[in-house]
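Open the model in your viewer and show it as a cartoon. Keep the sequence panel beside it. We will go stop by stop, selecting as we go.

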Amino acid sequence: MEPFAMHVFVCTGGGTCPHQGSVAVHAFLKEAVARARLKSRVRVSQAGCLDQCGHGPLVVIYPDDVWYSHVSLEEAQAIFSEHILTGRPVDALRFRVGEPGAHKLARDQNGRPTQRCTLCRDGRAVTAACEGE
Ligand code: FES
């Protein structure tokens, strides 16, 4: 068996991205790849925290090293149709905070998030349930 031509990681294991819808994004991409009969060439994997908490759902595609943040299901469709099927990254959906790095939400001296996670689907404040690792 040849190595995968493309590896898609979706953060579903951290404390924030799942709250922002990453589980559904992962399921969608995995199913889309299976439906397109690309499973032998494209692997869609769940990832633990990618250290970008608060900017999820996070999707990273290798070997292209393209990071997508705040990926909705509609945007996951675009990523599938354009990037995964044709190999052309969707520039409009690339990581929207700047270069990937330590972009976790700010925390106080007790480690509690100090800002609202305005990207949560229900718009609620960050809670212990959606804290990153
Ligand atoms: S929870 Fe997804 S990057 Fe940390």
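The tour below starts with the whole chain, moves through the sheet and the core, and ends in the loops.

**Stop 1: the whole chain**

Remember throughout that this is a predicted model. Count the elements: there are 2 helices and 4 strands. Read along the sequence, they follow the pattern β-α-β-β-β-α. Now colour by burial. Of the 133 residues in the protein, 35% are buried. Contacts reach far along the chain, too. Among contacts with a separation of 6 or more, 64% link residues 24 or more positions apart.

**Stop 2: the sheet**

Select the strands. In what order do the 4 strands lie in the sheet? They form an open sheet in the order S2-S1-S3-S4, and the pairing is mixed. S2 and S4 stand at the edges; each has a single partner strand, so one side of each is left without a neighbour in the sheet. Tilt the view to see the twist. Neighbouring strands are turned by 20 degrees against each other on average, direction ignored.

**Stop 3: S1 and S2**

Select S1, residues 6–11, and S2, residues 42–47. The two strands run parallel and are joined by 6 bridges. Add H1, residues 22–35. Together, S1, H1 and S2 make a right-handed β-α-β unit.

Now zoom in on Ala 47, which lies in S2. Cys 11 stands opposite Ala 47. Which residues does Ala 47 contact, leaving aside its neighbours within four places in sequence? They are Phe 9, Val 10, Cys 11, Thr 12 and Gly 13. Is Ala 47 buried or partly exposed? A residue needs 20 or more other C-beta atoms within 10 Å to count as buried. Ala 47 has 18 within that distance, so it is partly exposed. Draw a distance from its C-alpha atom to that of Val 59. The two residues are 12 apart along the chain, and their C-alpha atoms are separated by 9.2 Å.

**Stop 4: S1, S3 and S4**

Keep S1 and add S3, residues 59–62. These two strands run antiparallel, with 4 bridges between them. Find two of the facing pairs. Val 10 stands opposite Val 59, and the bridge partner of Val 8 is Ile 61.

Next, add S4, residues 66–68. S3 and S4 also run antiparallel, joined by 3 bridges. Here Val 59 stands opposite Tyr 68 in S4. S3 and S4 form a hairpin with 3 residues between them. Click on Asp 65 in the turn: its phi is positive, about 55 degrees.

**Stop 5: the core**

Show side chains. The largest nonpolar core has 23 residues. Which of them have the most contacts inside it? They are Val 8, Leu 29, Val 59 and Ile 79. The elements that give two or more residues to this core are S1, H1, S2, S3, S4 and H2. In soluble globular proteins, nonpolar side chains tend to be buried together.

Centre on Leu 29. Not counting residues up to four places away in sequence, Leu 29 touches Val 8, Val 10, Val 44, Ala 76 and Phe 80.

**Stop 6: the loops**

Two cis peptide bonds come next. Select Gly 56 and Pro 57. The bond from Gly 56 to Pro 57 is cis, with omega near -5 degrees. Pro 57 sits in the loop between S2 and S3. Then select Tyr 62 and Pro 63. They are also joined by a cis peptide bond, with omega about 15 degrees. Pro 63 is in the loop between S3 and S4.

Last, check two backbone angles. Arg 37 lies in the loop between H1 and S2. Arg 37 has a positive phi of about 60 degrees, although it is not a glycine. Why does Arg 37 count as exposed? The cut-off for exposed is 12 or fewer C-beta neighbours, and Arg 37 has 8 inside 10 Å.

Finish at His 70, in the loop between S4 and H2, the helix of residues 73–86. His 70 is not a glycine either, yet its phi is positive, about 55 degrees. With 18 C-beta neighbours inside 10 Å, His 70 counts as partly exposed.

Notes. Residues numbered from 1 in each chain as written. Predicted model: local features only at pLDDT ≥ 70, side-chain atom pairs only at ≥ 80, totals over all residues. Contact = placed C-beta atoms within 7 Å. Core = buried A, V, L, I, M, F, W, Y, C linked by C-beta atoms within 7 Å. Pairing = 2+ DSSP bridges. Right-handed = clockwise from strand over helix to strand, strands pointing away. Axes fitted to C-alpha atoms, helices over the stretch in contact; angles between N-to-C directions.
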